[in-house]
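Below is a set of questions and answers about how the labels given to this structure follow from its computed values. Each answer sets a value beside the cut-off that decides it.

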Amino acid sequence: NFCLWLRSHIVRCWHRRKKRAFTMMIYRSVLACVLMPMAANAWLVNVGATRSTPTRATTALPMAMDYNDPVVAAEFAKVQPMEYDDVVIELGEKGIPVPPTMNDMEIKLMLVEMRLRFSGDLKGQKKPVKPTKFSSLFEEAMWTKPAFEEFYN
């Protein structure tokens with residue numbers, strides 16, 4: 001262990017009362033303590049910095065809403081006259097907490113997005129296709145019994 005060796009070396013040099021050797025040993029110890037971590041880091045490979053394949057730049061985020069879309073505009077027109085408390089209550093019913101740092105407009109936009117995602121009306125959302133063969137009784141009940149699906153959701 002380096003620390004035990006260093007301690008024993010200091011004790012030996014001090015007992016020998018070789019002032020010059022003791023001073024040189026201190027310099028070497030400090031230099032070793034400073035340079036050893038740097039030398040250890042030099043052997044580490046930085047995986048994130050070395051990419052062999054180029055990445056594609058995307059211009060549009062897939063999770064962003066298009067506010068020029070008529071579906072989004074129609075839903076926003078429904079949400080716009082709502083009071084703050086009504087918006088917070090509706091988001092809370094779906095299990096979405098409203099942070100206290102958000103303003104009124106951000107919360108209304110969150111409600112618009114929540115409504116559109118739950119209804120499946122956003123662009124890029126795929127409607128689920130009914131399977132021909134069900135893997136469980138639960139899945140069969142979700143697809144064939146609308147009352148069960150409504151109760152579950």
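Q: Why is Tyr152 called exposed?
A: In this predicted model, Tyr152 has a relative accessibility of 51%, and the label exposed applies over 50%, so Tyr152 counts as exposed. Tyr152 is placed in helix α7.

Q: What makes Phe138, Phe148 and Tyr152 a nonpolar surface patch?
A: Patch residues need over 30% relative accessible area, and nonpolar side chains are joined within 5 Å. Phe138 is at 40%, Phe148 is at 31% and Tyr152 is at 51%, so each of these values passes the 30% cut-off. The patch that Phe138, Phe148 and Tyr152 make is about 310 Å².

Q: Why are Phe138 and Phe148 called partly exposed rather than buried or exposed?
A: Buried means under 20% and exposed means over 50%; Phe138 at 40% and Phe148 at 31% fall in between, and therefore both are partly exposed.

Q: How do you know that Phe138 and Phe148 form an aromatic pair, and why is the pair called edge-to-face?
A: The ring centres of Phe138 and Phe148 are 5.8 Å apart, which is within the 6.5 Å limit for a pair, and the planes meet at 80°, which is over the 60 degrees that edge-to-face requires, so both parts of the name follow. A search of the whole structure finds one aromatic pair.

Q: What makes this pair a tie between parts of the chain?
A: Phe138 lies in helix α6 (residues 137–144) whereas Phe148 lies in helix α7 (residues 146–152), so the pair ties together parts that are ten residues apart in sequence.

Q: How do you know that Glu75 forms a salt bridge with Arg115?
A: The closest N and O atoms of Glu75 and Arg115 are 2.8 Å apart, and a salt bridge requires a distance within 4 Å, so the pair qualifies. This salt bridge links distant parts of the chain, with Glu75 in helix α3 and Arg115 in helix α5 (residues 104–119), 40 residues apart.

Q: Why does the pair of Glu75 and Lys78 count as a salt bridge?
A: Here the closest N and O atoms are 3.9 Å apart, and because the cut-off is within 4 Å, this pair also counts. Glu75 and Lys78 both lie in helix α3 (residues 70–79), three residues apart, about one turn of the helix. Glu75, Lys78, Glu90 and Arg115 are linked in a network of salt bridges.

Q: What makes the accessibility labels of Glu75, Lys78 and Arg115 differ?
A: Glu75 has a relative accessible area of 12%, under the 20% limit, so Glu75 is buried. Lys78 reaches 54%, over the 50% limit, and therefore counts as exposed, while Arg115 at 22% lies in between and is partly exposed.

Q: Why is Lys108 called buried, and how do you know that Lys108 has a salt bridge with Asp104?
A: Lys108 is at 6% relative accessibility, and because buried means under 20%, the label applies. The closest N and O atoms of Lys108 and Asp104 are 3.5 Å apart, within the 4 Å limit, so the two form a salt bridge. Asp104, at 35%, counts as partly exposed, and both residues lie in helix α5, four residues apart, about one turn of the helix.

Key:
Residues are numbered from 1 along each chain as its sequence is written. This is a predicted model: local features need pLDDT of at least 70, side-chain atom pairs count only at pLDDT 80 or more; totals for chains, interfaces and linings use all residues. Side-chain values use heavy atoms; hydrogens and water are left out. Rings of Phe, Tyr and Trp (its six-membered ring) pair if their centres lie within 6.5 Å; planes under 30 degrees apart count as stacked, over 60 as edge-to-face and the rest as tilted. Helices (H or I, at least four residues) and strands (E, at least two) are DSSP runs, numbered from the N terminus. Buried means under 20% relative accessible area, exposed over 50%, partly exposed in between (1.4 Å probe, protein chains only). Patches are made of residues with over 30% relative accessible area and no salt bridge: like charges are joined within 9 Å, nonpolar side chains (Val, Leu, Ile, Met, Phe, Trp, Tyr) within 5 Å. Accessible areas come from the Shrake-Rupley method with a 1.4 Å probe; for residues, only the protein chains shown count as cover. A salt bridge is a side-chain nitrogen of Lys or Arg within 4 Å of a carboxyl oxygen of Asp or Glu.
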